[in-house]
Amino acid sequence: MRSARFISGRLMAGIAVAALAAGPLSVSALAQSQPAPPTGSVAGTVDPAAEGSPTRRVDMADFRIAEGVVALVNDSLITSFDLRQRMLLLVAMTQLQPTEENLPAIQRQALNALIDERLQAQELARYELRLTDEDVEAEIEEMARQSGVTARDYYDYLAEIGVQPETLREQIRVQEGWRILVQGRYINRARVSRTQVQQTLERLAGVAAREQYLLGEVYIEAARVGGMQRAMDGANQLVQQMLQGAPFQAVARQFSAAPSAESGGDAGWVVLDDLRPELRAAVQQMEPGQLSRPIQVQDGVYILFVRDRRSGAATNYATLRQAAIQLPETASEAEVESAAQRLSALRQGQTCDSIIGAARAQGGMVGSDLGEVDIEDLPPQFQQIARSAEIGTVSAPVRTPFGVHVVAVCNRRVGAAGVPSYQQVENSLINTQLSMLARRYIRDLRDDATVVFP
């Protein structure tokens, strides 16, 4: 079953793709695509040896489908006109070059998308939810703005390739309505607890200290396209098209069955241990900017794009509080000794919770919360305490250029750069749950539907 996905309709800018010389495909120069139409070009050339047998391009202006009904979804018809319009729109969105080899895959994807949208439209009607024309036009204007053109330019571009305005409007109307419906029905079920967020943050902090890969992914589900061989054939065609300039993000958005499809195939930063063994082996051979060959897994085929890689760098953090007596560097030894004796007496029986209050109750002392700090950023006199003192204890007095201090070590952890904020993790967990619920929703609608192919 093809995964339902939240597609805002906004076109993503194209990204550069290249391929490996060994294992993955090789190219003689970087194949780079520009933002989505109506502007767009390909820079660089593709090594003909990497392309296999020649392909014959199909001019979509000459492409015809036998007139009639191609599918009946409950009581809703999908006509050959609808299918051809959707194929044209798919080609425009992805910048694929139609060929005799990939045309069947384009047609299957277009038909599957239409079937899902008919089911979604029927569900929207059941809940009496319909976007206004103004909302739809506002969405299209935003699409055009992100492509650097006006809505009129965008409509003109679609008209040149034979796509009628209502085809785009109806797609946007259903997809945006479906997103609203799913959020309205399931937002309460998608709530996450503080514990879930904290556990995820801790896991990410540990992961961030290891080597990571920023991955893009396209997943072709074998059962959805008619078997593993079709999935492999389709994936090979998509790889060729992306090497020739089709934007990875646009292809993922239209063809991928992974939850990441809604974000243009962005799988985020991952460590190798989080990947399936087949994917892990491929990624280990890849460098940033490289696109994998199709990788077969149990239920389908993946195409991976390594966008970036970074080495994990562990950072030690400590949460500290202190009591101090301020003294200049020119203070006498007697003054320093007197301050140290007062602080030694104060520290007895104190904890992280009490040290600040105890210091402030004394004349001539200050108590302060240093918060969580990178141990490397601390004065040298504090670093050894922060690294090795038992959590919850208060140190012996130490001298710094600013005075004499006792330091309470309240917590210590290992982290790294790139760890998201609490709010970012919470939003990500909610979106993941919503995406899962949406896929289950459309799967159930398909299971209950009567879909007939005359």
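**Strands around β10, confidence and two unusual backbone angles**

Strand β9, a short run covering residues 295-296, pairs with β10 in the antiparallel sense, and two bridges link them. This pairing comes from a predicted model, so it's worth looking at how the strands line up before turning to confidence. Within the β9 pairing, I295 has Y302 of β10 as its bridge partner. The link between these two strands is a hairpin, with three residues sitting between β9 and β10.

Strand β10 itself runs over residues 300-310, and it also pairs with β6, which spans residues 212-221. Here again the sense is antiparallel, this time with 10 bridges. One spot to look for in this pairing is Q212, which stands opposite R310 of β10. Then there's β8, made up of residues 290-291, which joins β10 through two bridges, once more in the antiparallel sense. In that pairing, Q290 faces V306 of β10. Put together, β10 turns up as a partner of β6, of β8 and of β9.

How much confidence goes with all this? Averaged over the chain, the pLDDT comes out at 82, and 83% of the residues reach at least 70. The hairpin strand β9 does best here, since confidence in the chain is highest there, at a mean of 96, while the low end belongs to β3 (residues 42-43), with a mean of just 25. Residues 1-54 have a pLDDT below 50, and in the model this stretch makes 159 contacts beyond near neighbours in sequence.

Two residues stand out for their backbone angles. N74 isn't a glycine, yet its phi is positive, at about 55 degrees. To find N74, go to the loop between β4 (69-73) and β5 (76-79). Is N74 buried, exposed or partly exposed? Its relative accessible area is 33%, so N74 counts as partly exposed.

Q95 is the other case: a residue other than glycine with a positive phi, near 60 degrees. This one sits in the loop that connects α1 (80-94) to α2 (103-126). With a relative accessibility of 17%, Q95 counts as buried, because the cut-off for that label is under 20%. In short, N74 is partly exposed, whereas Q95 is buried.

Terms used:
Residues numbered from 1 in each chain as written. Predicted model: local features only at pLDDT ≥ 70, side-chain atom pairs only at ≥ 80, totals over all residues. Heavy atoms only, no water. Pairing = 2+ DSSP bridges. Helix = DSSP H or I, 4+ residues; strand = E, 2+ residues; numbered from the N terminus. pLDDT = per-residue confidence, 0-100. Contact = heavy atoms within 4.5 Å. Buried < 20%, exposed > 50% of the residue type's maximum accessible area, 1.4 Å probe, protein only.
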